[in-house]
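Open the structure in your viewer and keep the selection tool handy. We will go from stop to stop, and at each one you will hear what to select and what is there.

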Amino acid sequence: MDSIISFILGGILSILIGWIFYRKSIQRKSLVVNLDYFSKLFDTVEPEIKKELKILYKDNEIEHLYSVQFTFENNGNKPIRDIIEPLILEIPTDFEIMDAHIAEIKPEGRKVNIKQNLENNRVNIDFSLLNPKDTFVFRILFKGDVTSYLKNERMEKLGYKNEEEMRYQMKIDDNEVVEHFKFTITVDELNPTLD
């Protein structure tokens, strides 16, 4: 009886180990994007000080300024290369990208270039190779009234003309705006849109 149980457990264990090694041997490309942070700059400044604080960019005053950081990683086991169309970020036209840059690249020496197209709120992120476990950190600074944008969009979806028609106070989670940031790439074996 014990030998039958041992035989069955041994068979199940060998099948499980074989399946694990098979899954690890499958070659796949995978590029993931993670949101590191999304914050409104100077949001934690005391209201009395905030009244006296002005943010100027090229001699224009900016009221709503946000910083967003994403980390990209090849979490597959196959290099990402031979890219047909670069990685592209598009954000809603209600916002304006002020600055975009690569904050960090691992391993050092890997080349990741950025090209901004301010007319249509696009940023091209171009790289020729991303090996498994390679990462880079991408930061943007943009202006725009995120709260009003999200409120208006939500009211439009629900069929309200203004906030007074609603029976509840609308709460806005700033991370909701990140859902409007679209990352696309054209490369063999990858989905064209990154989540």
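Start with the whole chain in cartoon view: the protein chain has 3 helices and 13 strands. Keep in mind that this is a predicted model. Of the 195 residues in the chain, 30% are buried. Now think about how the chain folds back on itself: among contacts between residues at least 6 apart in sequence, 78% join residues at least 24 apart. Switch on a surface if you like; the chain exposes about 13,100 Å², and carbon and sulfur atoms supply 50% of that area.

**Stop 1: the aromatic rings**

How many aromatic pairs does a search of the whole structure find? The search finds 13. Select Tyr66 and Phe142 and show their side chains: these two form a stacked aromatic pair, with 5.3 Å from centre to centre and 15° between the planes. Colour the strands to see where the partners sit. Tyr66 is in strand E4 (residues 65-74) and Phe142 is in strand E11 (residues 135-143), so to speak two distant parts of the chain, 76 residues apart, linked by one pair. Are these two residues buried or exposed? Tyr66 is buried, with a relative accessible area of 1%, and Phe142 is buried too, at 0%.

Next, select Phe70 and Phe181. Their ring centres are 6.0 Å apart and their planes meet at 50°, so this pair is tilted. Phe70 lies in strand E4, while Phe181 lies in the loop between helix H3 (146-158) and strand E12 (182-186), so the pair ties together parts that are 111 residues apart in sequence. Check the surroundings of each ring: Phe70 is buried, with a relative accessible area of 3%, and Phe181 is buried with 6%.

Now widen the selection to Phe38, Tyr66, Phe70, Phe72, Phe95, Phe127, Phe136, Phe138, Phe142, Tyr149, Phe181 and Phe183. Ring pairs link these residues into a cluster.

**Stop 2: Ile140**

Stay in strand E11 and select Ile140, which lies there. Its relative accessibility is 2%, so Ile140 counts as buried. Which residues does Ile140 touch, not counting those up to four places away in sequence? They are Tyr66, Ser67, Val68, Leu89, Asp99, Ala100 and Phe181. You have already visited Tyr66 and Phe181 on this tour. Try the distance tool here as well: the C-alpha atoms of Ile140 and Phe38 are separated by 9.8 Å, although the two residues are 102 residues apart along the chain.

**Stop 3: Thr135**

Move along strand E11 to Thr135, which also belongs to this strand. Thr135 has a relative accessibility of 17%; the cut-off for buried is under 20%, so Thr135 counts as buried. Setting aside neighbours within four places in sequence, Thr135 is in contact with Thr71, Phe72, Glu73, Glu104, Ile105 and Lys106.

**Stop 4: His64**

Select His64, in the loop between strand E3 (60-62) and strand E4. With 17% relative accessibility, His64 counts as buried. Which side chain makes a polar contact with the side chain of His64? Show Lys40 to find out: the polar contact between the two side chains is 3.1 Å. If you leave out neighbours within four places in sequence, the residues in contact with His64 are Lys40, Phe142, Lys143, Gly144 and Asp145. Phe142 may look familiar from the stacked pair with Tyr66.

**Stop 5: Leu194**

Jump to Leu194, which is found in strand E13 (residues 193-194). Leu194 is buried, with a relative accessible area of 10%. Beyond its neighbours within four places in sequence, Leu194 is in contact with Leu31, Val33, Phe72, Leu87, Phe183 and Ile185. Pick Leu87 from that list and use the distance tool: from C-alpha to C-alpha, Leu194 and Leu87 are 9.4 Å apart in space, and 107 residues apart in sequence. Phe72 and Phe183 are both members of the ring cluster from the first stop.

**Stop 6: a nonpolar patch**

For the last stop, go to the surface and select Ile4, Ile5, Phe7, Ile8, Leu9 and Ile12. Together they form a nonpolar patch with about 650 Å² of accessible area. Where is Ile12 found? Ile12 is in helix H1 (residues 2-25). Is Ile12 buried or exposed? With a relative accessible area of 52%, Ile12 is exposed, whereas Ile140 from the second stop is buried.

Terms used. Residues are numbered from 1 along each chain as its sequence is written. This is a predicted model: local features need pLDDT of at least 70, side-chain atom pairs count only at pLDDT 80 or more; totals for chains, interfaces and linings use all residues. Side-chain values use heavy atoms; hydrogens and water are left out. Helices (H or I, at least four residues) and strands (E, at least two) are DSSP runs, numbered from the N terminus. Buried means under 20% relative accessible area, exposed over 50%, partly exposed in between (1.4 Å probe, protein chains only). Contact means heavy atoms within 4.5 Å. Accessible areas come from the Shrake-Rupley method with a 1.4 Å probe; for residues, only the protein chains shown count as cover. Rings of Phe, Tyr and Trp (its six-membered ring) pair if their centres lie within 6.5 Å; planes under 30 degrees apart count as stacked, over 60 as edge-to-face and the rest as tilted. A polar contact is a pair of N or O atoms within 3.5 Å; within protein, one must be able to donate a hydrogen and the other to accept it, and residues adjacent in sequence count only if both atoms are side-chain atoms. Patches are made of residues with over 30% relative accessible area and no salt bridge: like charges are joined within 9 Å, nonpolar side chains (Val, Leu, Ile, Met, Phe, Trp, Tyr) within 5 Å. A salt bridge is a side-chain nitrogen of Lys or Arg within 4 Å of a carboxyl oxygen of Asp or Glu.
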